[in-house]
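Let's take a walk through this one together. Keep the 3D view open and turn it as you read.

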Amino acid sequence: MIVLGIETSCDETAASVVKDGRLVLSNIIASQVELHAPFGGVVPELAARQHIESIGFIVNSAIKEARVKLTDIDGYAVANGPGLAGALLVGLNYAKGLAYVNKKPLVGVHHIEGHVCANYLDSGLEPPFLCLVVSGGHTVILAVDDYDSYRVIGSTRDDAAGEAFDKVARLLELGYPGGPKIDKLAMTGNPEAHHFPRARVDGFDFSFSGLKTATRDVINRLQLPIEDIAASFQQAVVDVLVGKTLKACDELGYKQVAMAGGVACNKGLRKSMEEACRLKGLPFFMPQPIYCTDNAAMIASRGYYRLKDGISDGMELNAYPGRMV
Ligand code: KG4
Ligand code: ZN
């Protein structure tokens, strides 16, 4: 089954053609980073306008690069929440048009479930497994017991991990988006230069707002090299993410671990999680960085598993900007 996925929930206009939920035939992404950088964050109205400009070209490019014809496409998957309302509507309505005209099924995809499915791309992972999803808007541990079953085991009580990276980057005047910049600086810094607090939250939940405040205090009070601050902050985030995920795995008896979302690009996190899983003898999966940040291949994969189970949506499908897992 060949599925065309569309993703416009935030600041990436993306389209992708994926075969049988795993084989990526094309993956086209137009990033709006430069458009939003001067504002220090995503401006919703500008994001929606840019999606309108890009969507036609991006979808056509995905079809062309996959070397398929429109008639080869068996279904259309689109991220319809959570995300920015105006941005989501651009992709949703484009997908509706394609599905209607070509008389093929349409399926709405939860953006976070899409992130999880990035782990199926070019890989042999099968449920059950635990997945840590760390993005700009979410930090959740999900129990994935089947292709259509996603259960929240823990989530953040305040800031998402990506949000913490972006806010600390702003404090360090590194610009937007901050995650990749902190990651790069941390590579040459000393992670033990300062011991930031690891928030003690019950169960498998997270909290990152205290860490952000502590970092502000260190920046203002101590004359530490910026690389050391970045490395020490990153270490604190990584320790908590790895620690909680493995604790959940242990206590709930899961035998495989996966990771997803933009922050899963982080080199320190990738290395630590891989090492911790190796020590515990747990198979560990993480998507290539290009499938960690927002993309449409993950949406096509999630859509495939819904369509395969006979699930599809009608033309009344709507966008759900605030939708939770
Ligand atoms: O999944 P994503 O592309 O979009 C959302 O669904 O939010 O995640 C974006 C987030 C941003 O906060 C960005 O700073 C962070 O992922 N990020 C990183 C890295 N690359 C992206 N954070 C830490 N290290 C990175 N290398
Ligand atoms: Zn995302």
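What follows goes from the metal site to the core, then to the strands, and ends with some backbone oddities. Keep in mind that this is a predicted model.

Start at the zinc ion (ligand 2). Its protein donors are His111 and His115, each through NE2, and Asp294 through OD, at 2.0 to 2.1 Å from the ion. Written along the chain, the donors follow H-x3-H-x178-D, with the two histidines sitting in helix H4 (residues 111-117). Histidine 111 and histidine 115 are about one helical turn from each other, because they are four residues apart in that helix. Both of these histidines are buried. As for geometry, the four donor atoms around the zinc ion (ligand 2) subtend angles of 95 to 135°, so the arrangement comes out as irregular.

Now for the packing. The largest nonpolar core has 45 residues, and Phe233 and Leu241 have the most contacts inside it. Several elements, including S6, S7, H5 and strand S9 (257-260), each supply at least two residues of this core. Helix H8 gives the largest share, twelve residues. What does phenylalanine 233 touch, leaving out residues up to four places away in sequence? The list is Ala164, Phe165, Val168, Ile182, Phe196, Leu211 and Thr215. Apart from this core lies another one, of 32 residues, with Ala77, Val109, Leu121 and Tyr304 among them.

Three of the residues that phenylalanine 233 touches, Ala164, Phe165 and Val168, are also on the list of buried residues of helix H5 (residues 161-171). That list also includes Ala161, Gly162, Asp166 and Ala169. The cover over the buried residues of H5 includes strands S6 (129-134) and S7 (139-146), along with helices H6 (178-186), H7 (209-221) and H8 (226-252). Just past the end of H5, glutamate 173 takes a positive phi of about 55°. In the loop between H5 and H6 you'll find proline 177, and the peptide bond leading to it from tyrosine 176 is cis, with omega near -10°.

Next, the strands. S6 and S7 run antiparallel and are joined by six bridges, with a hairpin of four residues connecting them. To see the register, look at leucine 130, whose bridge partner in S7 is alanine 143. S7 also pairs with strand S8 (residues 149-155), again in the antiparallel sense and over six bridges. Here the hairpin has two residues between the strands, and leucine 142 stands opposite valine 152 in S8. S7 itself is mostly covered, with six of its eight residues buried.

Finally, some backbone spots to check. A cis peptide bond joins glycine 81 and proline 82, with omega about -10°; proline 82 lies in the loop between strand S4 (75-81) and H3. Lysine 103 is not a glycine, yet has a positive phi of about 55°. It lies in the loop between H3 and strand S5 (106-110), and with a relative accessible area of 73% lysine 103 is exposed. Aspartate 122, in the loop between H4 and S6, has a positive phi of about 50° and is not a glycine either. At 47% relative accessibility, aspartate 122 counts as partly exposed. One last stop is glycine 97 in helix H3 (residues 85-102): its C-alpha is 9.1 Å from that of methionine 315, although the two are 218 residues apart in sequence.

Notes:
Residues are numbered from 1 along each chain as its sequence is written. Chains are lettered from A and ligands numbered from 1 in the order in which they are written. This is a predicted model: local features need pLDDT of at least 70, side-chain atom pairs count only at pLDDT 80 or more; totals for chains, interfaces and linings use all residues. Side-chain values use heavy atoms; hydrogens and water are left out. Buried means under 20% relative accessible area, exposed over 50%, partly exposed in between (1.4 Å probe, protein chains only). Contact means heavy atoms within 4.5 Å. A nonpolar core is a set of buried Ala, Val, Leu, Ile, Met, Phe, Trp, Tyr and Cys residues joined through side-chain atoms within 4.5 Å. Two strands pair if DSSP finds at least two bridges between them. Donors are N, O and S atoms within 2.8 Å of the metal (3.2 Å for Na, K and Ca); water is not among the atoms, so sites may look incomplete. Four donors count as tetrahedral if all angles lie between 85 and 135 degrees; four count as square planar and six as octahedral if opposite donors are over 155 degrees apart and all others between 65 and 115; anything else is irregular.
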